[in-house]
Amino acid sequence: MPAIGLAEAIEDLRQELYAAQDLGKNQQFAFTVEEAELELLLELRDSGKADG
């Protein structure tokens, strides 16, 4: 799985929300995002091997 930076991940999510809003315009089911909350979880593991 390729690594992705936090700023890039948040921007991608922001763009997905904008796209979803745009696709729903003039449809029976449309929505607007007024507020979004994002919860992030960080997991650290000791794998016992060194990578460089």
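User: Where is the place of valine 33 in this chain?
Analyst: This is a predicted model, and its one helix gives a landmark. Helix H1 covers residues 6–24. The place of valine 33 is in the segment after H1.

User: Is valine 33 buried, partly exposed or exposed?
Analyst: Buried means under 20% relative accessible area, and exposed means over 50%. Valine 33 has 34% relative accessibility. That value falls between the two cut-offs, so valine 33 counts as partly exposed.

User: What distance separates the C-alpha atoms of valine 33 and alanine 20?
Analyst: Along the chain, valine 33 and alanine 20 are 13 residues apart. In space, their C-alpha atoms are separated by 9.7 Å.

User: How many helices and how many strands does the chain have?
Analyst: Take the helix first. Residues 6–24 form helix H1. The secondary structure of the chain comes to one helix and zero strands.

User: Why is the chain described as more spread out than a compact globule?
Analyst: For 52 residues, the globule rule gives 10 Å. The radius of gyration of the chain is well over that value, so the chain is more spread out than a compact globule. The C-alpha atoms fill a box of roughly 55 × 20 × 15 Å along the principal axes. The radius of gyration itself is 17 Å.

User: What span does helix H1 reach from its first C-alpha to its last?
Analyst: Helix H1 has 19 residues. At 1.5 Å a residue, the expected span is 27 Å. The span in the model is close to that, at 27 Å.

User: Which residue just after H1 takes a positive phi?
Analyst: Look in the segment after H1. The residue is one other than glycine, and its phi is near 60°. It is exposed, with a relative accessible area of 80%. The residue is asparagine 26.

User: Is leucine 38 buried, partly exposed or exposed?
Analyst: Leucine 38 is found in the segment after H1. The C-alpha atoms of leucine 38 and leucine 13 are separated by 9.8 Å, and the two residues are 25 residues apart along the chain. At 46% relative accessibility, leucine 38 counts as partly exposed.

User: Is leucine 40 buried, partly exposed or exposed?
Analyst: Leucine 40 also has its place in the segment after H1. Its C-alpha atom is separated by 9.9 Å from that of leucine 6, which is 34 residues apart from it along the chain. The relative accessible area of leucine 40 is 55%, and the cut-off is over 50%, so leucine 40 is exposed.

User: How many residues of the lining of the largest pocket are nonpolar?
Analyst: The lining of the largest pocket includes Ile10, Leu13, Val33 and Leu38. Also among the lining residues are Arg14, Gln21 and Glu37. The lining divides into one polar, two charged and, for the nonpolar group, seven.

User: What volume does the largest pocket have?
Analyst: Tyr18 and Ala36 are among the residues that line this pocket. The volume of the largest pocket is about 210 Å³.

User: What percentage of the residues in the chain is buried?
Analyst: The chain exposes about 5600 Å², and carbon and sulfur atoms supply 53% of that area. Of the 52 residues in the chain, buried residues make up 4%.

Conventions
Residues numbered from 1 in each chain as written. Predicted model: local features only at pLDDT ≥ 70, side-chain atom pairs only at ≥ 80, totals over all residues. Heavy atoms only, no water. 1 Å grid on protein atoms, 1.4 Å probe; cavity = no way out; pocket = protein on both sides within 12 Å on 5 of 7 lines; lining within 4 Å. Points joined across faces, edges and corners; volume = space filled by probe spheres on them. Nonpolar A, V, L, I, M, F, W, Y, C, P; charged D, E, K, R; others polar. Helix = DSSP H or I, 4+ residues; strand = E, 2+ residues; numbered from the N terminus. Rg over C-alpha atoms; globule rule 2.2 N^0.38 Å. Buried < 20%, exposed > 50% of the residue type's maximum accessible area, 1.4 Å probe, protein only. Areas by Shrake-Rupley, 256 points an atom, 1.4 Å probe, with all protein chains shown as cover. Expected span 1.5 Å × (residues − 1).
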